[in-house]
Amino acid sequence: MTALVWVLVVAIVVLAVVVVAGMLLGARALRQLRVRGDAAGQDQAVVDDALAKVEDANAKVEDANAKVDDANAKAASVRAEAAAAKAEAGAARAEARRVLEAAHSEADTILEHAHRQAEADAEQVRAAARRQGEREVALLNTTAKEQAAEVERRAARIDERERQHADEVERLVERERRLATMDADLAAREAALARREAELAGIEEAKRRELERIAGLTADVARAELVENIEAQAKREAAILVRDIESEAKSTADSRARRIVVDAIQRIASEQTAESVVSVLHLPSDEMKGRIIGREGRNIRAFESVTGVNLIIDDTPEAVLLSCFDPVRREVGRLTLEKLVLDGRIHPHRIEEVFDSAKNEVELLCDRAAEEALVDVGITDLHPELAKLLGRLRYRTSYGQNVLKHLVETAHIAGIMAAELGLDVPSMKRAAFLHDIGKALTHEVEGSHALIGADLARKYGESDDVVHAIEAHHNEVQPQTIEAVLTQAADACSGGRPGARRESLEAYVKRLERIEEIAASKVGVEKVFAMQAGREIRVMVRPDDIDDIGAAVLARDVAKQIEEELTYPGQIRVTVVRESRVTELAR
């Protein structure tokens, strides 16, 4: 029996015990009621309670009976399921016995088939081995026959080679006989030639003596006179050649040097803007000036104290000036004031905060400018300290010319000239690029910027040629190398070209003014305009005073006077404009 059946049986027994106990309790209560009713008249409520308890007991008995019936039904179903399970187990056992018998019979069949297949395979293997052995025997026989044939062929070749050796020996013997005959003939010819040379020597000696007798000179004296004449002629021709070479070198040296310099400048042709020591900051309105000054000037005093830049506030509308000799400090001050104006909060504490931020930003800009300049020139192994000093030159000017741009331009010009002359281009560009590095410290260290730059280059491991080119580019030290000379030339080309520096700019403006004065001094001229950077001048004339022929004569006269009085690159076009206007009123 299963566990479920046992549980149901136990439950039935318990319910039966409960029913019996209830019945006994009910009977006992009835007896007590009867005894109490006979003995004395008790209260009717006790009887009612007893009856209620009896009814409850009867209800419980009925529930117990119902549960017993359910338990019996479940037990019957369980027994039926157990019987079905037993039947299924018997069927399963019968099916298992059948399957096992079928498996035994199938295994016997497979074993028998395997035995037959193994015997067949063994027979095939024996047949294949037999055929393989027959093939190997045939192959061995064939190989043996081929080897025998090869031995026969080798023997035939050896016989043929021995025959050829014998023929070669005979040919060598015959050749030795011919060589012996030729040696004898050559000996006879050499003897005849010796006799002939002796005869010729005697004849030559007799001829020489006869010539000496006729000329009255010995052979040594005649040879000395001939050598002396040839030497004098050679010296004269050499002197003429040297003179021609020197004159040609003098005539071509200037033109070639000029061509190299002009080519270098033309290939660079970088743009340059003159700079000064004053920066202008535009303001959104004039009210901002009062906020910049602050109460009783405290903001402007704090700004100048923190930045070290003089702040000039005048009547210029919506603009203030920042003045400082140090360009880096001036840029930091300009950026600080610009940020303060944009922010709107201007007080001493805020000025200090913004100044620190602007200082860091300017340092980053200097580092980036140095990196761009190094990449432009092609230098990748410069010491970091030198690169940092180069960045400071981004805001340094020399006569209005930006020093960092001047260094890049000088390096390119020197590189082009070095390439034209067949020199070391990277070394030449390096020397030219670093020649003004000392200007980054001229306000901190006393002395010439050339010597300061040479000390810096020597300190950070630059080569001797580069150091010498830096210290000699302003002749503080006499130039001793070609790098130093080319550095001077490139520096002069970059700084002296038109428009690069303030002096050249002033000369350029003066030339334009003189061109206009020359044209305006002519009779009949009304207006004069210099155009296209002085490459063209337009002269407006009065049509009543000058006719068409006079305009042509005026243009020729102006052009001729400009050629005679002024020095300028290229050419200047003179255009005379004569315009006739006729006005009439219709009434």
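This report walks through a predicted model, from its overall make-up to its helices, core, sheet and two loop residues.

## Overall picture

Let's start with the whole chain. The protein has 587 residues, and 28% of them are buried. Its secondary structure comprises 15 helices and 8 strands. Among contacts with a separation of 6 or more, 59% join residues that lie 24 or more positions apart.

As for confidence, the average pLDDT of the protein is 77, and 79% of the residues reach at least 70. One stretch to treat separately is 271-277, where the pLDDT is below 50; beyond near neighbours in sequence, these residues make 19 contacts in the model.

## The nonpolar core

The largest nonpolar core contains 43 residues. Leu374, Leu382, Leu390, Leu393, Phe433, Leu434 and Leu456 are the members with the most contacts inside it. Seen by element, α7 (348-377), α8 (384-392), α9 (403-421), α10 (425-433), α11 (449-459), α12 (464-471) and α13 (482-496) each contribute at least two residues to this core. The largest share comes from α9, with 9 residues. In general, nonpolar side chains tend to be buried together in soluble globular proteins.

Leu374 offers a good view of how this core is put together. Leaving aside residues up to four places away in sequence, Leu374 touches Ile379, Leu382, Ala387, Leu390 and Phe433.

## Helices α7 and α9

Helix α7 can be checked with simple arithmetic. Its 30 residues should span 44 Å at 1.5 Å a residue, and the C-alpha atoms at its ends are 43 Å apart, so the two values agree. The buried residues of α7 are Arg350, Ile351, Val354, Phe355, Ala358, Val362, Cys366, Ala369, Ala370, Ala373, Leu374 and Val377. These buried residues pack against α5 (298-307), α6 (327-343), α8, α9 and α10. After α7 comes Gly378, with a positive phi near 95°.

Helix α9 has 19 residues, and the distance from its first C-alpha to its last is 26 Å, close to the 27 Å expected at 1.5 Å a residue. Because 15 of those 19 residues are buried, α9 is largely enclosed by the rest of the structure. Gly422 follows α9, and its phi is also positive, near 75°.

## The three-stranded sheet

Further along the chain, 3 strands make an open sheet with mixed pairing, in the order β6-β7-β8. β6 (525-531) and β8 (573-578) are the edge strands; each has a single partner strand, so one side of each lacks a neighbour in the sheet. On average, neighbouring strands here are turned by 20° against each other, direction ignored.

Which strands run parallel, and which antiparallel? β6 and β7 pair in the antiparallel sense over 6 bridges, while β7 (residues 536-541) pairs with β8 in the parallel sense over 6 bridges. On the antiparallel side, Lys527 stands opposite Met540 in β7. On the parallel side, Ile537 has Val574 in β8 as its bridge partner, and Val539 stands opposite Val576 in β8. Strands of a sheet pair through backbone hydrogen bonds in either sense.

A helix accompanies this sheet. α15 (residues 548-565) lies across β6, β7 and β8, and runs at about 155° to β8.

## Two loop residues

Ala472 sits in the loop between α12 and α13. Is Ala472 buried or exposed? Its relative accessibility is 0%, so Ala472 counts as buried. Not counting residues up to four places away in sequence, Ala472 touches Val477, Gln478, Pro479, Ala484 and Gln488. The C-alpha atom of Ala472 is 8.3 Å from that of Leu451, although these residues are 21 residues apart along the chain.

Glu296 belongs to the loop between α4 (287-293) and α5. The relative accessible area of Glu296 is 72%, so this residue is exposed. Backbone geometry is also worth a look here: phi of Glu296 is near 55°, a positive value in a residue other than glycine.

Definitions and conventions: Residues are numbered from 1 along each chain as its sequence is written. This is a predicted model: local features need pLDDT of at least 70, side-chain atom pairs count only at pLDDT 80 or more; totals for chains, interfaces and linings use all residues. Side-chain values use heavy atoms; hydrogens and water are left out. Two strands pair if DSSP finds at least two bridges between them. Helices (H or I, at least four residues) and strands (E, at least two) are DSSP runs, numbered from the N terminus. Axes are lines fitted to C-alpha atoms, for helices over the stretch in contact, and angles run from 0 to 180 degrees between N-to-C directions. Contact means heavy atoms within 4.5 Å. A nonpolar core is a set of buried Ala, Val, Leu, Ile, Met, Phe, Trp, Tyr and Cys residues joined through side-chain atoms within 4.5 Å. Buried means under 20% relative accessible area, exposed over 50%, partly exposed in between (1.4 Å probe, protein chains only). The expected span of a helix is 1.5 Å times one less than its number of residues. pLDDT is the predictor's confidence in each residue, from 0 to 100.
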